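Please look over the sequence and the model shown here before reading on. The report that comes after them is meant for a reader who has not met this structure before.

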Amino acid sequence: MQLAREIQQRYYSTTATLDGFDIAAAAHPADETGGDYFDFLPQPDGSLYIILADSAGHGIGAAFLMAETRATLRAYATLTPDIPSLLKRLNRTLADSLAGNRFVTMFLGRIDPRKRSLEYASAGHEPGYLLRDSGEIGAVLGSTEPPLGLFPDQEFGSAQVVPRERGHTIVLLTDGI
């Protein structure tokens, strides 16, 4: 179990570089391994994918499911130009390999530094928040679609666009904080 924990912890990149943005993340699983996953994927156009996901369950089974989700998402992200198409491909792959009672929730966002915007879709994931520099909630980044892996032919609509200004903070979490 300790080896599984070490491998899973290596998946977590706790910082990312994007001009004009400060980005950080942390994960502290309650067990040796778990089903939480986050990632940062720089894109050729200068944007950055931010991924936060959680699989149903705990322990080694959830960790294996998240490893599959991570590998599949990373492979498809280089081939798929937009968030709805990427989620559709990932969903179909997961639905084909999961039993009917397993699923993954996911927040998939893309920060565009030129437009200073966040485009996102959330497949059944906990809401995120855009906080103004005053500390007030500027937007709730709610779920837009059902979790991944449940419905193989699920269509994913347009991603939501959230304009950002200097001083805004985006807070994303799973079922803990």
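The text below goes from the overall make-up to the two sheets, the helices and a few individual residues.

This is a predicted model, in which local features need pLDDT of at least 70 and side-chain atom pairs count only at pLDDT 80 or more, while totals for chains, interfaces and linings use all residues. Residues are numbered from 1 along each chain as its sequence is written, and side-chain values use heavy atoms, with hydrogens and water left out.

**Overall make-up**

The secondary structure of the protein consists of three helices and eight strands, where helices (H or I, at least four residues) and strands (E, at least two) are DSSP runs numbered from the N terminus. Along the sequence these elements follow the pattern α-β-β-α-α-β-β-β-β-β-β. Of the 177 residues in the protein, 44% are buried; buried means under 20% relative accessible area, exposed means over 50%, and partly exposed lies in between, with a 1.4 Å probe and protein chains only. Among the contacts in the protein with a separation of 6 or more, 63% are between residues 24 or more positions apart, a contact being heavy atoms within 4.5 Å.

**The five-stranded sheet and its helices**

Five strands form an open sheet in the order 1-2-3-4-7, with antiparallel pairing; two strands count as paired if DSSP finds at least two bridges between them. The edge strands are strand 1 and strand 7 (160–163), each of which pairs on one side only. Neighbouring strands of this sheet are turned by 20 degrees against each other on average, direction ignored. Strand 4 and strand 7 are joined in the antiparallel sense by four bridges, and Y120 stands opposite Q160 in strand 7.

Helix 2 lies across strand 1, strand 2 (48–55) and strand 3, and runs at about 15 degrees to strand 1. Helix 3 lies across strand 2, strand 3 and strand 4, and runs at about 155 degrees to strand 3. For these angles, axes are lines fitted to C-alpha atoms, for helices over the stretch in contact, and the values run from 0 to 180 degrees between N-to-C directions.

**The three-stranded sheet**

An open sheet of three strands has the order 6-5-8, and its pairing is antiparallel. Its edge strands are strand 6 (137–141) and strand 8 (169–171), each pairing on one side only, and the twist averages 20 degrees from one strand to the next. Strand 5 (residues 128–131) is joined to strand 6 by four bridges and to strand 8 by three bridges. Strand 5 and strand 6 form a hairpin with five residues between them, and G135 in the turn has a positive phi of about 100 degrees.

The opposite residues named for strand 5 are listed here.

| Residue in strand 5 | Opposite residue |
|---|---|
| Y129 | V140 in strand 6 |
| L130 | A139 in strand 6 |
| L130 | I170 in strand 8 |

In a regular strand the side chains alternate between the two faces of the sheet. Along strand 5, G128 and L130 point to one face and are buried, while Y129 and L131 point to the other and are not.

**Rings and charges**

A search of the whole structure finds two aromatic pairs, where rings of Phe, Tyr and Trp (its six-membered ring) pair if their centres lie within 6.5 Å, and planes under 30 degrees apart count as stacked, over 60 as edge-to-face and the rest as tilted. The rings of F107 and Y120 are stacked, because their centres are 5.1 Å apart and their planes are at 15 degrees. F107 belongs to strand 3 (residues 104–112) and Y120 to strand 4 (residues 117–123), 13 residues apart, and both F107 and Y120 are buried.

R110 lies over the face of Y49 at 4.4 Å from the ring centre, and R116 lies over the face of F21 at 4.7 Å from the ring centre. A charge sits over a ring if NZ of Lys or CZ of Arg is within 6 Å of the ring centre and within 35 degrees of the ring normal.

**Two loop residues**

T80 lies in the loop between helix 2 (59–77) and helix 3 (83–97), and it is buried, with a relative accessible area of 6%. The side chain of T80 reaches the backbone oxygen of Y76 at 3.0 Å, and a polar contact of 3.4 Å joins the side chains of T80 and R89. A polar contact is a pair of N or O atoms within 3.5 Å; within protein, one must be able to donate a hydrogen and the other to accept it, and residues adjacent in sequence count only if both atoms are side-chain atoms.

D19, in the loop between helix 1 (2–11) and strand 1 (36–42), counts as exposed at 69% relative accessibility.
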